[in-house]
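Here are a few short exercises to work through with the model open in your viewer. Try each one before reading the solution.

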Amino acid sequence: MDVVDAKQLEDRLNKRDYFPDEGLVAAAVLAQRLRKPVFLEGEPGVGKSTFAEAMAGVLDPDAVLIRLQCHSGLDAGQALYDWDFPRQVLTLRAADRGDAVPVTDLYRPEFLVRRPVLAAFEKPSVLLIDEIDRADDEFEACLLEVLDKGTISIPELGPEQSGITMRMPFIVLTSNDTREVHGALKRRCIYHWIEHPKPPREAEILEHKIDGLTVELAAEIAEAMKRLRADGVLTRPPGVAEAIDLARSVVASGAKTLAEDAAISCAGAVAKHRDDVDTVRRVLGEVGRDSA
């Protein structure tokens with residue numbers, strides 16, 4: 001993958017409709033140069049996973065995004081690789097009854113089931129290990145070994161691992177900070193906490209993404225997001241994705257300001273809990289009236 005400087009990377013990400021903060025760009029450039037993963041933490045909806053999606057193709061036009069969704073009970077067989085047992089059994093049955101099949105013949109690359117991590121090491125890719133805080137300690141230990149070696153060991157193929165060519169992909173780990181991820185894993189990464197964008201920046205993002213959105217309406221929506229993200233206002237604070245959904249909904253409604261009933265009726269684009277709907281409607285109306 002091409003090593004790029006911060007300005008080049010920011011420009012390339014912007015062309016893919018991703019608008020990172022300065023710290024995230026610096027972390028990504030450093031991670032690429034040091035061949036380390038990026039570890040991104042932040043509240044849901046700040047763009048952690050979207051960053052990995054935008055990076056696919058930015059560093060290498062042939063790169064693809066490969067995603068591993070973490071969950072409790074995730075193990076190496078689900079994340080790294082496994083063996084195609086039914087094919088191995090068929091191979092044994094197809095052999096002449098009088099001939100023994102060497103064990104090594106049953107463990108060849110064609111019998112490998114490539115899970116996301118191994119697949120990412122075999123082709124130009126961006127590997128997204130999403131929500132690592134949902135995985136168990138055992139998987140973190142497995143991942144540590146991979147990051148330390150910069151490759152995946154497949155003992156059944158022998159020391160040479162013939163038929164397998166690997167190289168370290170660009171790796172993005174994300175966490176919603178639901179639990180503390182072990183420091184040993186974080187130490188092997190370039191860490192960055194992604195904040196919600198400040199209203200002026202969020203307004204710029206909305207203007208760029210939403211056709212027909214006025215500067216004034218974008219500013220109102222960004223201010224509404226700021227108020228709704230304050231501690232304790234909503235059960236689930238809205239992310240940038242909800243801001244984009246709200247902007248699209250308001251534009252589709254034909255409203256020119258959030259004070260209009262048509263805009264207030266779009267509260268469902270932001271509120272995701274029954275108890276939050278009235279709060280969202282109230283805040284949208286207040287922001288619209290304050291901006292009048």
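**Exercise 1.** Count the helices and strands, then decide how the overall dimensions compare with a compact globule.

*Solution.* Start with the secondary structure: this predicted model has 13 helices and seven strands. Next, take the radius of gyration: a compact globule of 292 residues would come out near 19 Å, but the protein has 24 Å. Finally, check the box along the principal axes: the C-alpha atoms fill roughly 85 × 40 × 35 Å.

**Exercise 2.** Classify the ring pair Y18 and F51, and work out whether each residue is buried or exposed.

*Solution.* First the geometry: the ring centres sit 5.9 Å apart, and the planes meet at 55°. Tilted covers plane angles from 30 to 60 degrees, so this pair is tilted. Now place the partners: Y18 is in the loop between α1 and α2, while F51 belongs to helix α3, 33 residues apart. Then burial, with the cut-off at under 20%: Y18 has 8% relative accessibility, so Y18 is buried, and F51, at 1%, is buried too.

**Exercise 3.** Do the same for W83 and Y107.

*Solution.* The centres are 4.8 Å apart with 85° between the planes, which makes the pair edge-to-face. W83 lies in strand β3 and Y107 in the loop between α5 and β4, so the pair ties together parts 24 residues apart in sequence. W83 counts as buried at 12%, whereas Y107 is partly exposed at 29%. One last step: ring pairs link Y81, W83 and Y107 into a cluster.

How values were computed:
Residues are numbered from 1 along each chain as its sequence is written. This is a predicted model: local features need pLDDT of at least 70, side-chain atom pairs count only at pLDDT 80 or more; totals for chains, interfaces and linings use all residues. Side-chain values use heavy atoms; hydrogens and water are left out. Helices (H or I, at least four residues) and strands (E, at least two) are DSSP runs, numbered from the N terminus. The radius of gyration is taken over C-alpha atoms; the globule rule is 2.2 Å times the number of residues to the power 0.38. Rings of Phe, Tyr and Trp (its six-membered ring) pair if their centres lie within 6.5 Å; planes under 30 degrees apart count as stacked, over 60 as edge-to-face and the rest as tilted. Buried means under 20% relative accessible area, exposed over 50%, partly exposed in between (1.4 Å probe, protein chains only).
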